[in-house]
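Let's take a walk through this model together, one chain at a time. Keep the viewer open and turn the structure as you read.

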Amino acid sequence: MDQGSTADLLYQHHRDRVYQLCLRLSGGNRSWAEDATHDVFVRMLERLDELDDTDDLGGWIYRVAMNTCMTRLKREGSTWGRVRQALLGAPSVSRDTPERRVSLQQDLDAALRALAALPGRQRVAFCMRHLDELPQREIAASLDLSEGYVSKLLDRARSKLDRLGWEAPDA
Amino acid sequence: MPEARKDMQSGGAGGRSNIVEALRRADAELRQEHLGPEAEARIRTLVEQRPRVMVLRWGGWAAGVAVAAAMLLWVLVPREQPDPAPRVVAGFHVVGGVARLSGPRAGGPPPECGPSAPVRHCPRAGVVECGSRACVLEARDLSTRLELEDDTIVGRRRGQLFLFRGRVTCRVARRPRGAPPLRVYVSEGHIEVLGTIFSLRQDAGGRGEVSLRQGAIRFVASDGRVMRLEPGQRLTWPLPEEKGPRAPASQPASQPSPRRLSPREVETLEERVGRLRNQGRFREATRTLRRALGRIADRATRESFSYELGAILTHHLPDAAAACRHWRRHLRRFGSSRYGEEIRQARTRLGCP
C-alpha cells in the first residue's frame, strides 16, 4: 500500500478517537481539541515513513496524541487556569438539543473541572492510568518519562483531587 | 443520566464521588463528539496533500529494472547541489526541487531584510531559498503550499510567511471559520489570506506585485491603507502616495477619524482576539470585538471582524439567539457577497428564523 493511502486510512480510522482524546484532555474545549488533532496528524505524517508495520497503528497514534496534548498543555501551563475559567463559563461541547446541552454541561462541569485543575503532565498520566488503564511502565515509555516520575505524577494528581473533594484511586 | 449527575455533582459535599467513574461518564458523552467540518476539511487537506510515495517492494527482476532506472537517472539528471536536500528546512517541508537555509546559518536575517527593503517583521530564522531551479515548499501547519521560482527567498516565523525576493505562487487551503487570516509579508506591507491561490513577485529594490487567481486577499500597506483584491486583479508596489492602489478597483482606505482605531491598533486587536480564542476566553473575545467594531474605519476590516464575532457566537457560546441576531445585523450591514455561504450554514445550524 502506498504511503498516501496509508495516511488516508489512518486518518479515516483514527480521527474521531484522536479528537475525543484531545477533547477529554482539554476539558471539552472543541477548538483546542481540533487544533491538537491537527498537530497529531502533522506528527503522524512526518513519521509515517519511519514505520515498519502500518497495519496496527492504534497504539502508536494514541501515544502520539497523548504526547502532543501533553506538550500543548505544558506550553500553555501558565495560562491554563484562565482557559479553564473560560471553559467552565462557556463549555463548547454540545451541538444538540438544549436538554442535552444542559445535562452535558452539568456532567462535564463536575468531572472535568477537577481534571482540568491538574497540571498537564499529571492530567495526561492520570487519564492514561485510570481511564485507559495502562500500566505505569507503559505510560513511562509512551511519555518518555521514568517510571518513578510517572508514579510521582499520579500521586500528586491523587492528592490534588483529594483536596478538591474527590475520591481518587491510588496509583 | 440523572443518577450520574447527582453522583458527580456531589464531588466535595458529604459523600465523596469517585473521580474515575465520573470522568468515564463524561468520556462517554465526549465520544459522541466529532471533528467540526472546518477542522475536518483542514486536516483532510493536510493528509491528502502528502506526496504519494510508492513503497517499492524489491524482489526478482523488478529490483533489477529499478536499479537500472536509478542508474540511468543518475547519469542523465544534472546534479547542481552537492548536498542532498533535507526533507524539512526551517519549518518548510521540501516537496519538490532543492531548498536550503539562506543567509547566515546562525539565524541572522538575509541582507534584503534591512532598511533598503523595510519588511517590518524580519524573521531571525527560518529563511529558505531555492537553488538555481524552482522548488516547492509546504508549511503544513498553515495548510499552505509555496511554489518558488528560481532564486527566490522566503521565510517564516510562527504563523507568518515572508517573501524577500523572487516569485512565488501560494496555494492556501481555506482557513478554518473564525481563524485569523494567514499573513504573507512583503516589502511594503502584508497580504491577508483566507484561502486562495495567488502569485507574488518581490524585487530586491522594493518593487513587487501580487496577482490573485482565486479566492480573496487583502493587501495591508505599511502606512495602513487596505486594499481588497478580487480574482484576476493585480496590485503593484510601491504604492502611489495617498492615491490608493494602482491596479485593482478596490476601495481606498477611509481616512481614520480621531475616534477610530489606527491600523496598528487594529492589528493589536486582531492579535488579542486570536489570543483570547486560543485560550478559550470566548466571552471576553466577543466583548472585545463588540467594543471595537464601531471604531474600525475600513469597511472590509470591519466586515471581517464582524464575521469573526459571529463565528465565535455560533460555535463557542451557547446563546443561539444572540448569534442569530448578530448574523441578521451583519447581513444588513455588509450583504452576503464575502461570507455568504458560511453565514448561510451557520444560520441553518443555529436554526435562525
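Within chain A, confidence varies from element to element: helix H4 (residues 77-89) of chain A has the lowest mean pLDDT, 52, while helix H6 (residues 120-131) of chain A has the highest, 91. Right where H4 ends, residues 89-97 of chain A have a pLDDT below 50, although in the model this stretch still has 22 contacts beyond near neighbours in sequence. Please keep in mind that everything here is a predicted model. For chain A as a whole, the average pLDDT is 77, and 74% of the residues score at least 70. As for the complex, the predictor gives an ipTM of 0.80 and a pTM of 0.40.

What is chain A built from? It has 8 helices and 0 strands, so to speak a plain run of α-α-α-α-α-α-α-α from the N terminus on. The chain has 171 residues, of which 47% count as buried. If you take the contacts in chain A between residues at least 6 apart in sequence, 64% of them join residues at least 24 apart.Now turn to a helix pair in chain A. Two packed helices are described by the angle between their axes and the distance between the axes. For helix H3 (residues 58-75) of chain A and H6(A), the axes come within 8 Å and cross at roughly 155°. Angles over 145 degrees count as roughly antiparallel, and H3(A) and H6(A) are therefore roughly antiparallel to each other. Their crossing is right-handed. On the H3(A) side, the contact is made by Met66(A), Cys69(A), Met70(A), Leu73(A) and Lys74(A). H6(A) brings Gly120(A), Arg121(A), Arg123(A), Val124(A) and Met128(A) to the contact. Sorted by class, this contact has 6 nonpolar, 1 polar and 3 charged residues.

Stay with H6(A) for a moment and find Arg129(A), which lies in that helix. Is Arg129(A) buried or exposed? Arg129(A) counts as buried, because it has 23 C-beta neighbours inside 10 Å. Arg129(A) and Ile139(A) are 10 residues apart in sequence, and their C-alpha atoms are 7.4 Å apart in space.

Further along chain A, look at the loop between helix H7 (136-143) and helix H8 (147-163) of chain A, where you will find Asp144(A). Most residues other than glycine have a negative phi, and most peptide bonds are trans. Asp144(A), which is not a glycine, has a positive phi near 60°. Asp144(A) counts as exposed, because it has 9 C-beta neighbours inside 10 Å.

Let's move to chain B. Its mean pLDDT is 72, and 71% of its residues reach 70 or more. Among the elements of chain B, helix H1 (residues 2-9) of chain B has the lowest mean pLDDT, 40, and H8(B) the highest, 88. Two stretches of chain B call for some care when you read the model. Over residues 104-125 of chain B the pLDDT is below 50, and the stretch has 38 contacts in the model beyond near neighbours in sequence. The pLDDT is also below 50 over residues 243-258 of chain B, a stretch with 32 such contacts.

Chain B has a positive phi to look at as well. Ser143(B) is not a glycine, yet its phi is positive, at about 50°. You will find Ser143(B) in the loop between strand E5 (135-139) and strand E6 (144-148) of chain B. Ser143(B) is buried, because 22 other C-beta atoms lie within 10 Å. Next, go to strand E7 (residues 153-157) of chain B, where Ile153(B) is found. Ile153(B) is buried, with 22 other C-beta atoms within 10 Å. From Ile153(B) to Leu163(B) is 10 residues in sequence and 6.3 Å in space, C-alpha to C-alpha.

Where in chain B does a cis peptide bond turn up? It joins Trp237(B) and Pro238(B), with omega about 10°. Pro238(B) is found in the loop between strand E15 (234-237) and helix H5 (263-278) of chain B.

Our last stop is a helix pair in chain B. Helix H8 (residues 320-334) of chain B packs with helix H9 (residues 340-350) of chain B at an angle of about 150°, and their axes are 10 Å apart. That angle makes H8(B) roughly antiparallel to H9(B). H8(B) passes H9(B) in a left-handed crossing. From H8(B), the residues that meet H9(B) are Ala320(B), Ala323(B), Cys324(B), Trp327(B), His330(B) and Leu331(B). Their partners in H9(B) are Ile343(B), Ala346(B), Arg347(B) and Leu350(B). By class, the contact has 8 nonpolar, 1 polar and 1 charged residues.

Definitions and conventions. Residues numbered from 1 in each chain as written. Chains lettered and ligands numbered in written order. Predicted model: local features only at pLDDT ≥ 70, side-chain atom pairs only at ≥ 80, totals over all residues. Axes fitted to C-alpha atoms, helices over the stretch in contact; angles between N-to-C directions. Helix = DSSP H or I, 4+ residues; strand = E, 2+ residues; numbered from the N terminus. Parallel < 35°, antiparallel > 145°, perpendicular 65-115°, else oblique. Left-handed = near helix turned anticlockwise from the far one by under 90°. Contact = placed C-beta atoms within 7 Å. Nonpolar A, V, L, I, M, F, W, Y, C, P; charged D, E, K, R; others polar. pLDDT = per-residue confidence, 0-100. Buried ≥ 20, exposed ≤ 12 C-beta atoms within 10 Å, placed from the backbone.
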